[in-house]
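Student: Could you show me how structural terms get applied to a real set of coordinates? I want the reasoning, not just the labels.

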Amino acid sequence: MGRKYGIAAVLMSAMLGLAACGGGGGSTGGNPLDTSSAAPSGSASGGGGGKAVIGSFDFDESALLSSIYAQALEAKGVQVEEKVRIGSREAVYDQVKSGGLTIVPEYNGNLLAFIDLKNTAATTDEVNAALKEKLPAELEVLDSSPAEDKDSLSISKDTQTKQSLNTMEDLAKVSKNFVVGGPPEFKKRWEARFKEVYGIEFKEWKPTGPTTADAIKDGTIQVGNVFTTDPKMTANNLVPLQDPKNIFPAQNVTPLLFKAGATDTIKTTLNAVSAKLTTQSLLDMMQKISVNKDEPATVAKEWLTSSGLA
């Protein structure tokens, strides 16, 4: 009798396990902020290498990096769910901290500024050391990649020539006549810091988001927050202003993890990705997405295959 009960228990356990796995890895549907799938991200079981819920910010490069992480992990037997283009760091960070997300491809300098805006760390090593000190116990960062995508205040080549602007110090002399654009959260994050460090004050702030580079080109704004790996920097003939006081710190692509959900397989796989990801490879991939209109998942697969990671 005891043996029969034991077999029944095993069968019931297996059925429950199958039910729990239904609708899992690779899904991108549903509400990206729904935390009902938080449980898998905190589990070290399943799929051979564990489970992971990977989130991304609401722009192409983050979606690309999320797909790179997802496909690399799937190749190692990790059961993956993607929640792409969730929103800004303000929306994504709490999801990782609570365990609703296991992994987010981050930029180490901006992450540090989000946690401690007045921190003066500038180099990659300084930023990562500060992050390890400042991050809450639930979170950790893995190895930073050499790939770097820095914030910039950029202007058109025409504006540079007419106004003789090369640095953010130069910009401070004329900024009160300029309209600046960037992501919706850009003003909140940087207005006080620009004034404190460089004395920069703008005539108006506009939430131009992903259209910032085009808005500089067409004159809607005179200066904008454009990432240095954005292909539109070259296509629109834009010039990033030099930042001699390092208000924008190192911005290396760095995985941010919910510590309790990260298996050894997840950590070693993502560190291997970081070791091979360079600024040039990121530029090349973003060119395919922005100019050729290739899908991020396709571009990610090509890079992983060429790098021996998938």
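Here is a short dialogue about the terms used for this predicted model.

Student: Let us start with burial. How do you know that Phe57 is buried?
Tutor: Check the value against the cut-off. Phe57 has 4% relative accessibility. Buried means under 20%. So Phe57 counts as buried.

Student: What makes Phe59 partly exposed?
Tutor: Its relative accessible area is 24%. Partly exposed lies between the limits for buried, under 20%, and exposed, over 50%. Therefore Phe59 is partly exposed.

Student: Why is the pair of Phe57 and Phe59 called stacked?
Tutor: Two values decide. The centres of Phe57 and Phe59 are 6.2 Å apart, and the planes differ by 10°. Rings pair if their centres lie within 6.5 Å, and planes under 30 degrees apart count as stacked. So Phe57 and Phe59 pass both tests.

Student: And why is the pair of Phe194 and Phe248 called edge-to-face?
Tutor: Their centres are 6.0 Å apart, and their planes stand at 85°. Over 60 degrees counts as edge-to-face, so the name fits.

Student: Where do Phe194 and Phe248 lie in the chain?
Tutor: Phe194 is in helix α9, and Phe248 is in the loop between β9 and β10. They are 54 residues apart in sequence, so the pair ties those parts together. Both are buried: Phe194 has 0% relative accessibility, and Phe248 has 2%.

Student: How many aromatic pairs are there in the whole structure?
Tutor: Twelve. Ring pairs also build a cluster, with Phe186, Trp190, Phe194, Phe202, Trp205 and Phe248 as members.

Student: Now charges. What makes Arg85 and Asp60 a salt bridge?
Tutor: The closest N and O atoms are 2.6 Å apart. The limit is 4 Å, between a side-chain nitrogen of Lys or Arg and a carboxyl oxygen of Asp or Glu, so this pair qualifies. Arg85 sits in strand β2 and Asp60 in helix α3, 25 residues apart.

Student: Are Arg85 and Asp60 buried, exposed or partly exposed?
Tutor: Partly exposed. Arg85 has a relative accessible area of 33%. Asp60 comes to 30%. Each value falls between 20% and 50%, so each residue gets that label.

Student: How do you know that Lys134 and Asp116 form a salt bridge?
Tutor: The N to O distance is 3.6 Å. It lies within 4 Å, so the pair counts. Lys134 is in helix α6, while Asp116 is in the loop between α5 and α6. The pair therefore ties together parts 18 residues apart in sequence.

Student: Which other salt bridge links distant parts of the chain?
Tutor: One of them joins Glu106 in strand β3 to Arg89 in helix α4, 17 residues apart. The N to O distance is 2.8 Å. Both Glu106 and Arg89 are buried. The structure holds 14 salt bridges. Some share partners, and these join Glu90, Glu185 and Arg189 into one network.

Student: What makes β3 mostly covered?
Tutor: Count its residues. Five of its five are buried. Ile103, Pro105 and Tyr107 lie on one side, with Val104 and Glu106 on the other. In a regular strand, side chains alternate between the two faces of the sheet.

Student: How do you know that β3 pairs with β10?
Tutor: Five bridges join β3 to β10, and the two run antiparallel. Pairing needs at least two bridges, so β3 and β10 pair. Val104 stands opposite Leu256 in β10.

Student: In which sense do β1 and β2 pair?
Tutor: Parallel, over six bridges. Ile54 has Glu82 in β2 as its bridge partner. The chain goes from β1 through α3 to β2, a right-handed β-α-β crossover.

Student: Last topic, the largest nonpolar core. Which of its residues touch the most other members?
Tutor: Leu64, Ile68, Leu73 and Ile103, out of 31 residues. Helix α3 supplies the largest share, seven residues. Leu73 touches Ile54, Val80, Ile103 and Leu270, among others. A second, separate core has 22 residues, including Val174 and Trp205.

Key:
Residues are numbered from 1 along each chain as its sequence is written. This is a predicted model: local features need pLDDT of at least 70, side-chain atom pairs count only at pLDDT 80 or more; totals for chains, interfaces and linings use all residues. Side-chain values use heavy atoms; hydrogens and water are left out. A nonpolar core is a set of buried Ala, Val, Leu, Ile, Met, Phe, Trp, Tyr and Cys residues joined through side-chain atoms within 4.5 Å. Buried means under 20% relative accessible area, exposed over 50%, partly exposed in between (1.4 Å probe, protein chains only). Helices (H or I, at least four residues) and strands (E, at least two) are DSSP runs, numbered from the N terminus. Contact means heavy atoms within 4.5 Å. A crossover is right-handed if, with the strands pointing away from the viewer, the path from the first strand over the helix to the second runs clockwise. Lists of a residue's contacts leave out its neighbours within four places in sequence.
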